[in-house]
Amino acid sequence: DVLFELGCRDSGFAHFRGQLAGLLWQQTQETRWVFPLVERMLKEDDLESASDALCRLGPAALPYAARLLDLIEGDPDYWDLAWAAVDALGMMGPSAKEFLPRLERLRSHPSGLVKARTDIAIRRINGEVVEERGLEE
């Protein structure tokens with residue numbers, strides 16, 4: 001909690017918030033500890049960090065799937081959020097199948113990176129194992 005607080009107060013460390021929440025998940029596997037941190041990031045509009053944390057939770061992040069899609073659809077020009085949120089959806093795997101129709105719409109996103117990440121997410125949700133190469137920006 002102290003490290004998370006540091007990330008909240010010092011903008012130089014804010015980008016570590018998602019990683020800290022992910023580390024907490026790795027250590028505890030307890031959504032009761034991690035979800036409040038994710039909620040705080042979402043409330044404070046630290047959307048990329050929230051997406052990063054949710055990415056690390058995998059299928060346990062399913063309760064946030066609709067919210068991530070709402071965020072992407074609400075601000076389609078926020079490309080960094082779009083690809084981070086799409087990554088989190090993909091890491092949820094087959095448990096996120098009900099969200100495929102909404103995710104499919106992102107295949108026409110103006111960003112090539114968002115399109116590529118969407119394709120990977122859809123393949124993961126469909127149960128494929130996807131190796132990533134050359135998609136980093």
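Helices are taken here as DSSP runs of at least four residues, numbered from the N terminus. On that basis, the chain of this predicted model reads α-α-α-α-α-α-α-α along the sequence. The protein holds eight helices and zero strands. Of its 137 residues, 43% count as buried. Contacts between residues at least 6 apart in sequence were also examined; 59% of these join residues at least 24 apart.

Helix α6 covers residues 79-91. Its 13 residues should span 18 Å at 1.5 Å a residue, and its end C-alpha atoms are indeed 18 Å apart, so the two values agree. Much of the interest lies in what this helix buries. The buried residues of α6 are L81, A82, A84, A85, V86, D87, A88, L89 and G90. Four helices receive them: the buried residues of α6 pack against α4 (47-57), α5 (65-74), α7 (100-104) and α8. After the helix comes G93, with a positive phi near 65 degrees.

The pairing of α6 with α8 was examined in detail. Helix α8 spans residues 112-125. The two axes lie 8 Å apart and meet at an angle of about 10 degrees. Angles under 35 degrees count as roughly parallel, and α6 and α8 are therefore roughly parallel to each other. From α6, the contact draws on W79, A82, W83, V86, D87, L89, G90 and M91. From α8, it draws on L113, V114, R117, T118, A121, R124 and I125. By type, these residues comprise 10 nonpolar, two polar and three charged.

D80 also belongs to α6. Its relative accessible area is 38%, which lies between the 20% and 50% limits, so D80 is partly exposed. D80 and V114 are 34 residues apart in sequence, yet their C-alpha atoms are 8.4 Å apart in space.

The wider interior was considered next. In soluble globular proteins, nonpolar side chains tend to be buried together. The largest nonpolar core of this model has 36 residues. Those with the most contacts inside it are V38, M41, L54, L68, L89, M92 and L103. Seven helices are represented: α2 (17-28), α3 (31-43), α4, α5, α6, α7 and α8 each supply at least two residues of this core. L54 illustrates the packing. Leaving aside residues up to four places away in sequence, L54 touches V38, A61, Y64, L68 and A88. Among these partners, V38 and L68 also rank with the core residues that have the most contacts.

Key
Residues numbered from 1 in each chain as written. Predicted model: local features only at pLDDT ≥ 70, side-chain atom pairs only at ≥ 80, totals over all residues. Heavy atoms only, no water. Axes fitted to C-alpha atoms, helices over the stretch in contact; angles between N-to-C directions. Parallel < 35°, antiparallel > 145°, perpendicular 65-115°, else oblique. Contact = heavy atoms within 4.5 Å. Nonpolar A, V, L, I, M, F, W, Y, C, P; charged D, E, K, R; others polar. Expected span 1.5 Å × (residues − 1). Buried < 20%, exposed > 50% of the residue type's maximum accessible area, 1.4 Å probe, protein only. Core = buried A, V, L, I, M, F, W, Y, C linked by side-chain atoms within 4.5 Å.
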